[in-house]
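Biologist: I'm new to this one. Can you walk me through how its labels are earned?

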Amino acid sequence: MRVRHISGGVSALAIKTYDQGRESWQGETLDLVAFDEEPPEDIYMEGLTRTNATGGRVWLTFTPLLGMSEVVRRFLFDRSPDRIDINMTIKDALHYSPEERARIIASYPAHERDARTRGVPILGSGRIFPVVEETLAYEGMAFPPHWLSIAAMDFGWDHPTAAVWGRWDRDSDTVYLYDAYRVKEATPVIHAAAIRARGAWIPMAWPADGLQHSKDSGEQLAEQYRQQGVNMLPDHAQFSDGSVGVEAGLMETRSLKMTLPFARV
């Protein structure tokens, strides 16, 4: 669409969708890119690149329902004079009466409420447990030495390699998650060093894709971590019948009594 501008020139407006992929965003030199709802990271970076030559601007307007994604992290934690985060809550929507705000807030499920009404990112990358964080967090908790320890990890590259550490109170059958690690685009050597620093003796559970062989070394991924001193369990995580169904695992986890004393990323 071409619009005649007050300056006498002509402004050109183009519309693209995210499902067209990053390649469709290449090649243009733009003064302004406006993202409606959160874009995938590769498309965001491509849109940013399109404004390099002009010193143009990139706008993003969205509710952070995808959690603490890499795009969100860039604005909240990777501070720069070239970026600014403007947060709008439902209290800034002055066209709603207090009664209407209360009704809208109550209409959302508890685990989405902060994101929808306060712009607070849902925890995780695509939250799967409908639990409000405030109902889980305990500060400064000390664990008795007889509680069992275990850790669990997921392998990644473009999406982060992640791990969590927990203690199990067998008397109340409660699992306490007390630490977390999340880093992308790093080798097993880097990840293993961070894991060992949290206790090399702690058993580490791992998923079935740890049996895959690395393209460069030919060794299984889980074996690479063993060689780096991580106490990997002998077999990948699975149910007693040998199955590894994701949905079944989520349902079982939701039924557990679990709490988060604190988290350190």
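Modeller: Sure. Strands here are DSSP runs of E with at least two residues, numbered from the N terminus. Keep in mind that this is a predicted model.

Biologist: Then where does Leu13 sit?

Modeller: Leu13 lies in the loop between β2 (10-12) and β3 (32-36).

Biologist: Why is Leu13 called partly exposed?

Modeller: Its relative accessible area is 45%. Buried means under 20% and exposed over 50%, with partly exposed in between, so Leu13 gets the middle label.

Biologist: Which residues join Leu13 in a nonpolar surface patch?

Modeller: Met1, Val3 and Ile15 do, and together with Leu13 they have about 450 Å² of accessible area.

Biologist: What about Thr174: buried or exposed?

Modeller: Thr174, in strand β7 (residues 174-183), has a relative accessible area of 3%. The cut-off for buried is under 20%, so Thr174 counts as buried.

Biologist: What makes the link between the side chains of Thr174 and Ser172 a polar contact?

Modeller: The distance is 2.9 Å, and the limit for such a pair of N or O atoms is 3.5 Å, so the pair qualifies.

Biologist: How do you know that β6 and β7 pair?

Modeller: Pairing takes at least two bridges, and 9 join β6 (residues 161-169) to β7, so these antiparallel strands pair. One of the bridge partners in β7 is Tyr176, opposite Arg167. The two strands form a hairpin with 4 residues between them, and Asp173 in the turn has a positive phi of about 55 degrees.

Biologist: Which element has the lowest mean pLDDT?

Modeller: Strand β9 (residues 257-259), at 54. Where pLDDT is low, the predicted coordinates should not be read in detail.

Methods. Residues are numbered from 1 along each chain as its sequence is written. This is a predicted model: local features need pLDDT of at least 70, side-chain atom pairs count only at pLDDT 80 or more; totals for chains, interfaces and linings use all residues. Side-chain values use heavy atoms; hydrogens and water are left out. Patches are made of residues with over 30% relative accessible area and no salt bridge: like charges are joined within 9 Å, nonpolar side chains (Val, Leu, Ile, Met, Phe, Trp, Tyr) within 5 Å. Accessible areas come from the Shrake-Rupley method with a 1.4 Å probe; for residues, only the protein chains shown count as cover. A salt bridge is a side-chain nitrogen of Lys or Arg within 4 Å of a carboxyl oxygen of Asp or Glu. Buried means under 20% relative accessible area, exposed over 50%, partly exposed in between (1.4 Å probe, protein chains only). A polar contact is a pair of N or O atoms within 3.5 Å; within protein, one must be able to donate a hydrogen and the other to accept it, and residues adjacent in sequence count only if both atoms are side-chain atoms. pLDDT is the predictor's confidence in each residue, from 0 to 100.
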